Each structure stands twice: as structure tokens, then as C-alpha cells.
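Thanks for coming, everyone. I would like to walk you through one structure this morning, going slowly from its cysteines to its sheet, and then on to some backbone details and a single helix.

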Amino acid sequence: MNIALFSDSYLPTKSGIVTVVVQLRKILTEMGHHVVIVTVGSRDAEKEEDPDPDVLRVYSIPSPIGDDQYIGFPHKKRIIEFLKKNNIEIIHSHTEFYIAHAAKEAGKALHIPVIATTHTMWEDFYKFYIPFGKLIPLRLIRKIVWRIYKKFYAFINVSDKARDYFKEPFMLPGIPSAVIPNAVDTQAFLARTCTGEDKANIRKSWGIRDTDQLLLFVGRVVEEKRVEELFDICVRIIRQRPDVKMMFTGSGGAIYSLEKKTRKEGLEDKIIFTGFVNWENLCMYYGIANIFVTASLSEMHSMTVLEALLSRLPVVCRKDESFFDTVYNGQNGYMADTDEEMELKLLELIDNPERQRVFGSRSYEISKNFSMRTHGLRSVEFYKTVLAHYPQPVTDEELQKAVNSVKVSE
């Protein structure tokens with residue numbers, strides 16, 4: 001099968017969506033499919049001496065929103081020629097904006113289906129990323145999301161939460177869809193072995209004693225992830241349990257205010273900000289932690305939670321539909337209805353190292369449901385079903401039946 005993945009971000013940029021696109025391309029290629037990428041340019045990409053011939057980068061300018069992000073200005077004719085050259089049969093968009101518009105235009109010109117993965121809950125994000133976003137009424141955002149998604153042939157939803165949102169009457173209930181959860185590339189993630197000596201050295205470098213228990217958050221340290229609320233929870237826990245430390249791993253605009261609050265609280269030796277860590281080294285940081293924590297309510301299907309499961313960590317989070325297939329109360333962690341309950345559940349788990357071990361083992365077993373091979377096989381079955389029906393309509397039931405026909409493989 002010849003497949004084109006369209007994305008508004010790609011290597012060398014680092015993000016959850018970039019990881020998804022890179023991993024999907026890798027597994028589909030390993031399965032014998034030909035996969036090309038249409039994406040934005042970047043300063044680093046322009047310096048490549050031997051660019052990938054299967055990656056088409058469009059003219060782009062740096063985005064005023066977000067670090068190392070770009071806005072692409074696709075040239076329709078050039079994209080269509082690239083897709084024709086590669087005999088593309090289906091276009092899979094991982095974006096909603098300029099590159100997605102080019103995907104829909106190219107699909108229309110070539111008479112091939114264009115599908116999309118719904119990665120982002122824009123209702124939770126727009127207030128933080130659009131200038132004066134908090135003044136924009138929600139109904140306007142919903143109208144914009146409706147407009148930019150309405151011409152896709154079908155959706156892949158990464159969770160029930162994503163599916164349910166797009167099935168709302170004010171969204172696009174008529175567009176057929178199926179749920180294919182995100183996955184984690186086990187082999188790549190665990191490629192760097194984290195020995196006991198490695199863990200001890202990393203802990204020592206950050207001033208973490210052997211007797212300390214470490215709470216870990218991994219991700220963008222930004223307001224919509226509710227990192228301020230998580231910080232406050234951790235401060236209260238540290239006041240009650242002096243042997244507990246908290247580590248925020250990742251970069252983001254909220255770091256500066258959190259560092260200031262840390263100094264104000266006099267907890268510089270208890271709350272740690274690592275800044276950006278290369279994905280290749282992240283397993284080391286999961287490896288030194290005792291419990292993974294997140295208070296975010298804006299996820300669609302968290303990649304960092306999947307990585308925590310693979311790292312044999314118990315997870316404590318706020319109750320949200322995006323975690324329903326990864327965090328099971330009393331089995332591999334806890335989902336709390338409130339921040340106060342999250343604090344209590346964390347204290348309960350901190351005081352029970354044996355339960356941490358049991359939960360961690362269960363997390364690893366659950367992680368096997370999200371292998372890249374399973375994800376790749378499910379995506380292919382989705383593609384096949386779309387191609388078998390296009391240009392006639394396909395149903396939710398037909399798509400989900402095809403996806404569910406793939407059994408979980410490690």
C-alpha cells in the first residue's frame with residue numbers, strides 16, 4: 001500500500017504528534033508499505049546534506065506560537081506531483097490546519113480518500129495559545145473546529161474521549177470513525193538500558209537520595225496541562241512527607257513561574273525542573289522515579305502515560321476519559337475526582353512501597369495492549385476498509401469491526 005502522512009510538525013521538532021508520525025511511518029514501512037511524509041520545513045531541515053526523498057517539505061516560516069514550530073504554505077501542484085510520483089492511494093492527516101487543507105485539496109484532485117487522526121481537544125487548548133483566547137467564546141472555537149474537520153472522509157480517534165467529542169451534535173457525528181489508541185515503540189524506547197548504576201548516578205546528579213521517593217511528571221510544562229495545580233498538590237505532599245521529591249521533566253512556558261514559586265516555598269532541593277530531555281534519554285528519567293503523576297484534563301490519549309506504563313510505574317492522575325484504557329483504579333494506579341483526592345491517593349501510595357511494586361508490574365502488563373505492531377496492523381485494516389468503500393460512504397461499525405479484528409500483539 002502507498003500511504004502519505006501529512007503533518008504540521010516533523011523531525012527535528014520534538015512533540016507527541018511528531019513521535020506518533022515517526023513511529024507510524026516506521027511500523028508501516030517494516031510491514032512492507034511505502035510511506036511518504038508531507039510536512040513543514042525548518043531551519044535544521046534546510047541544512048540537511050542528504051534529505052530524505054520520501055519527505056516533502058513545503059515552504060514554511062517560524063510560528064509565533066510554540067518553540068521550534070512552523071507554519072507551512074503548501075504549493076498544491078508540487079504536492080500533487082509528489083503524490084502522483086509515489087502512487088499514493090490514501091492520505092492520512094495528523095493536523096487540522098494548512099497542511100491538512102493541502103491534504104484535502106490533493107485528495108480531491110487525485111480522487112483518493114483523506115482521513116485524519118483527531119489528536120487535539122482544541123476546547124482545552126485555545127485559551128492558552130490564541131492571543132486573547134480567554135475572550136473568545138467557546139461556540140466560535142467549536143465552529144472553527146467543525147469547519148476545518150468537516151471535509152475529511154473518516155476519522156481515527158485515539159480514545160473514546162476523542163470519538164465521543166466528535167460525535168457530539170455540534171461537531172461532526174456524520175463522519176465515520178473508529179478508535180485506534182496511541183502506541184509506544186517499545187524497542188526504541190528501551191534501546192538505552194538503564195542499569196542500577198545509571199539510576200544511582202542520575203539520582204545523585206539531581207540531589208535525590210536513595211531513600212527519597214520521586215514523583216515524576218513528563219511533558220510540556222504549560223498551563224493547560226494543569227502543572228500549577230500539580231505543583232500545589234506536590235508542595236502539600238512534600239510538607240507531609242520530607243523524603244518525597246518532585247521532578248518536572250520537559251520544557252514549557254510555565255517553568256519560570258513554577259521555579260519562582262519553588263524559591264518562595266523554600267523547596268529548591270525538593271522540586272526539580274530538568275528542562276527538555278531528548279526522547280532517547282527519557283527512559284532513564286522514568287527509571288529513577290517511583291510514581292508517575294499528572295493532573296492534566298486536556299489529553300486525548302497520553303503518550304507519556306504509555307511510557308510510564310512501559311517503565312513499570314504506578315500512575316496517579318485526575319479522572320478523565322482519556323485515561324480509561326491505561327489507568328485502572330486499584331490495579332496500576334488511581335484516578336482521582338478532585339485535586340484533594342489525588343493528594344490523598346498519592347500519600348496512600350507513597351506510604352506503601354509494596355503496592356507501588358504490584359501496581360508497577362500491572363502497568364507493564366497493560367502496556368502490552370499498546371504495541372506498535374498492533375497499532376500498525378489496526379491502521380492498515382482501517383485503510384483497507386476505507387479504500388474498499390471509497391468514494392461511497394463507510395460506517396462506524398464497519399471501520400471499528402475492521403480495527404477490532406486485529407488481536408493484541410506484543
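**Cysteines, sheet and one helix**

The number of disulfides here is zero, and please keep in mind throughout that this is a predicted model. Why do Cys234 and Cys317 not form a bond? The cysteine sulfur closest to that of Cys234 belongs to Cys317 and lies 14 Å away, which is too far for a bond, given that a disulfide calls for two sulfur atoms within 2.5 Å. Seen from the other end, the sulfur of Cys317 has that of Cys234 as its closest cysteine sulfur, again at 14 Å. As for their surroundings, Cys234 is buried, with a relative accessibility of 1%, and Cys317 is buried as well, at 0%.

Let me turn to the sheet. Seven strands make up an open sheet with parallel pairing, and the order across it reads E3-E2-E1-E6-E7-E8-E9. At its edges are strand E3, residues 55-58, and strand E9, residues 177-179, each of which pairs on one side only. On average, and ignoring direction, neighbouring strands in this sheet are turned by 20 degrees against each other. To take one pairing in detail, strand E6, which covers residues 90-93, runs parallel to strand E7, residues 114-118, and the two share three bridges; in one of them, His92 has Ile115 of E7 as its bridge partner.

Which helices pack on this sheet? One of them is helix H4, residues 98-110, which touches strands E1, E2, E3, E6 and E7, and whose direction makes about 165 degrees with that of E6. Another is helix H17, residues 396-404, which touches strands E8 and E9 and whose direction makes about 30 degrees with that of E9.

Next, the backbone, where a few residues deserve your attention. The peptide bond joining Leu11 and Pro12 is cis, with omega at about 10 degrees, and Pro12 sits in the loop between E1 and helix H1. A cis peptide bond also leads from Tyr390 to Pro391, with omega near 10 degrees, and here the proline belongs to the loop between helix H16 and H17, the latter being the helix that touches E8 and E9.

Positive phi values turn up in residues other than glycine, too. His111, in the loop between H4 and E7, has a phi of about 60 degrees, and this residue is exposed, at 63% relative accessibility. Arg312, for its part, has a phi near 65 degrees; this arginine lies in the loop between helix H13 and strand E14 and is partly exposed, with a relative accessible area of 47%.

I will finish with helix H11, residues 255-265. Which of its residues are buried? They are Ile255, Leu258 and Thr262, and, viewed down the helix axis, the buried residues of H11 fall within an arc of 65 degrees, so they line one face of the helix. The general background is that an α-helix has 3.6 residues a turn, so residues three or four places apart point the same way. The other side of H11 carries the exposed residues Tyr256, Lys260 and Lys264. What do the buried residues of H11 pack against? Their partners are helix H10, residues 227-240, together with strand E11, residues 244-249, and strand E12, residues 271-275. Following H11 comes Gly266, which has a positive phi near 70 degrees.

Technical notes: Residues numbered from 1 in each chain as written. Predicted model: local features only at pLDDT ≥ 70, side-chain atom pairs only at ≥ 80, totals over all residues. Heavy atoms only, no water. Buried < 20%, exposed > 50% of the residue type's maximum accessible area, 1.4 Å probe, protein only. Pairing = 2+ DSSP bridges. Helix = DSSP H or I, 4+ residues; strand = E, 2+ residues; numbered from the N terminus. Axes fitted to C-alpha atoms, helices over the stretch in contact; angles between N-to-C directions. Contact = heavy atoms within 4.5 Å. Arc of directions from axis to C-beta.
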